[in-house]
Amino acid sequence: MSFKQFNLHTQIETGIEALGYTAPTPIQLKAMPAVLQGKDVMGLAQTGTGKTAAFALPILQRLMNGPRKRLRALIVAPTRELAEQIHEAIGGLGRATKLKSVAIYGGVSKNPQIRSLRQGVEIVVACPGRLLDLADQGEIDFSNIEVLVLDEADRMFDMGFLPDIRKIIKRLPTKRQTLLFSATMPDDIRALAGDILRDPVTIRVGAGVPVASVSHAVFPVASHLKTALLMKLLDRTDTESVLVFTRTKHRTTRVAEQMKRAGLSVASLQGNLSQNRRQDALNGFREGRYQILVATDIAARGIDVSGISHVINYDMPSTVDAYTHRIGRTGRAAKTGDAFTFVTPQDGSFVGDIEHVLGERIERRTLKDFDYNLPAPAGGGESERPRSFGRQGRPAPVSPYAPVKRGGDSRRGAARPSGRRSGGRSLSGFPQLRSSSKDR
Ligand code: AMP
């Protein structure tokens, strides 16, 4: 199968070749014909599947005909990083087309964005807040919009953007093509899709299930030993680029500092950083200046770095969906990757929920020459506060695969892959986990 079957303009084929894409990914194969025909599409797909090109290529194809320097395609994304990444993908695929896009998001000066808009663009890739802001200032003319894309709609809902999305949609021409992509389908997104999509074609590619090219392992460890285990693991494992996820901004900074002191090449990425520092961390990681990036979930959203060999969950994610999104950062576009997750006694039966979604048991690993019995330093050390679930104080999004109520033992009876219930107790304090004592 090649991209030839789509009969794209030769300028677009030039871009595809320049990016080194030789064959369409499954979502591209499934979605592109419908999008090219102008149909509304609901795409259930996670990042890492090639969904950006699945909508960007047909949009470029459409825009090759018709007026230039008019805003005809609007792509809305939850984070600056994702908006920037989509903008770059369009720049790469559309390099020979002379079509122009601009990325619009907050946290940076408006002026360059306004300048680009005034010079004339055909495509805007935007986060909701700044988009509305500039629209209110009269800098954006929505009247010629032919295509709307809502990317990572479930994440926009998690981040509280749904009211803004509805405001934006009210300002668009009703006659348009609408594409909605989401890794999961919470009720609110289903309702939104029902309201805004017309007779949509639904495309599902591994939705809700982490990409198959990733192998998973959990490392039982006490909270106060996580950093030491992380260092040991990095020392013992053959890694290229490593993305480490922590639960809080504070912890992101602290873990990165500890690693830096140990002489590791590391940057951190969290929401409190200025856009410049975020971009430096991301670019440095992408270019290989930093081998390790420590990040929170929100900050890491949309990171597209090929060659991430390992995702390490220093802290457990708060939902199975978040796990899927995190590990979607490795194993991208047919490469393989490893996802390691540290699990403490406080994490309860969460591993079981992930196993349920994966449909297989995750291997438990221990490092042979690591002292798991080292006591916590007097005065606390790395304490594990009770977990708060959900983002921004709201309840965690409901995964179609797993109950999300946590904190109690309500999940104990949750369905699991048959015969996988482990009662082993090889490490003290980990009744849920059995060590395979496999070393790396
Ligand atoms: P996405 O899911 O859109 O974030 O894409 C994930 C990664 O796959 C990005 O690095 C893309 O550049 C890459 N990619 C997308 N489509 C293809 C393709 N047909 N062949 C190879 N790589 C691709």
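The following questions and answers go through a predicted model, beginning with its ligand and ending with single residues.

Student: Which residues come nearest to the ligand in this model?

Tutor: The shell around the ligand holds 16 residues, and these divide into 5 nonpolar, 8 polar and 3 charged. Those that come nearest are Tyr-21, Gln-28, Gly-48, Gly-50 and Thr-52.

Student: How far does the side chain of Thr-52 lie from an oxygen atom of the ligand?

Tutor: Polar atoms of the protein approach the ligand at several points, and one of them is a backbone N or O atom of Ala-23, which lies 2.8 Å from a nitrogen atom of the ligand. A polar side-chain atom of Gln-28 also lies 2.8 Å from a ligand nitrogen. For Thr-52, it is an N or O atom of the side chain that faces a ligand oxygen, and the distance is 2.6 Å.

Student: How much of the ligand's accessible area does the protein cover?

Tutor: Taken on its own, the ligand has 490 Å² of accessible area. The shell around the ligand draws at least three residues from each of domain 1 (3-205) and domain 2 (214-364). Of the ligand's own accessible area, the protein covers 83%.

Student: Which residues of strand 5 point the other way from Val-147 and Val-149?

Tutor: Strand 5 spans residues 147-150, and Val-147 and Val-149 point one way from this strand. The residues named on both sides are buried, a word that stands for under 20% relative accessible area. Those that point the other way are Leu-148 and Leu-150.

Student: Which residue in strand 6 stands opposite Val-149?

Tutor: Strand 5 runs parallel to strand 2 (residues 73-76), with 4 bridges between them, and there the bridge partner of Leu-74 is Leu-148. Strand 5 is also joined to strand 6 (residues 177-182), again in parallel and by 4 bridges. Opposite Val-149, in strand 6, stands Leu-179.

Student: Which are the edge strands of the open sheet of 7 strands?

Tutor: This open sheet has parallel pairing, and its strands follow the order 10-11-9-12-13-8-14. An edge strand here is one that pairs on one side only. That description fits strand 10 (266-269) and strand 14 (363-364).

Student: Which residue of strand 12 stands opposite Val-242?

Tutor: Strand 9 (residues 241-245) and strand 12 (residues 308-313) pair in the parallel sense, and 5 bridges connect them. Within this pairing, the residue of strand 12 that stands opposite Val-242 is His-310.

Student: Is Lys-98, which has a positive phi, buried or exposed?

Tutor: Most residues other than glycine have a negative phi. Lys-98 is not a glycine, yet its phi is positive, at about 65°, and the residue is found in the loop between helix 4 (80-93) and strand 3 (101-104). Because its relative accessibility is 68%, and the cut-off is over 50%, Lys-98 counts as exposed.

Student: What is the relative accessible area of Asp-199?

Tutor: Asp-199 is likewise not a glycine, and it has a positive phi of about 50°. Its place is the loop between helix 9 (187-196) and strand 7 (201-205). Asp-199 is exposed, and its relative accessible area is 72%.

Student: Which residue has a side chain joined to that of Asp-141 by a polar contact of 2.7 Å?

Tutor: Asp-141 lies in the loop between helix 6 (128-136) and strand 5, and it is partly exposed, with a relative accessible area of 44%. Its C-alpha atom is separated by 9.3 Å from that of Leu-172, although the two residues are 31 residues apart along the chain. The polar contact of 2.7 Å joins the side chain of Asp-141 to that of Ser-143.

Student: Why does Glu-13 count as buried, and which residue does its side chain contact?

Tutor: Glu-13 is found in helix 1 (residues 10-18). It counts as buried because its relative accessible area is 12%, where the limit is under 20%. The side chain of Glu-13 makes a polar contact, at 3.1 Å, with the side chain of Lys-4.

Definitions and conventions
Residues numbered from 1 in each chain as written. Predicted model: local features only at pLDDT ≥ 70, side-chain atom pairs only at ≥ 80, totals over all residues. Heavy atoms only, no water. Near = heavy atom within 4 Å. Polar contact = N/O pair within 3.5 Å; in protein donor to acceptor, adjacent residues only side chain to side chain. Areas by Shrake-Rupley, 256 points an atom, 1.4 Å probe, with all protein chains shown as cover. Nonpolar A, V, L, I, M, F, W, Y, C, P; charged D, E, K, R; others polar. Domains from an automatic or database assignment. Buried < 20%, exposed > 50% of the residue type's maximum accessible area, 1.4 Å probe, protein only. Helix = DSSP H or I, 4+ residues; strand = E, 2+ residues; numbered from the N terminus. Pairing = 2+ DSSP bridges.
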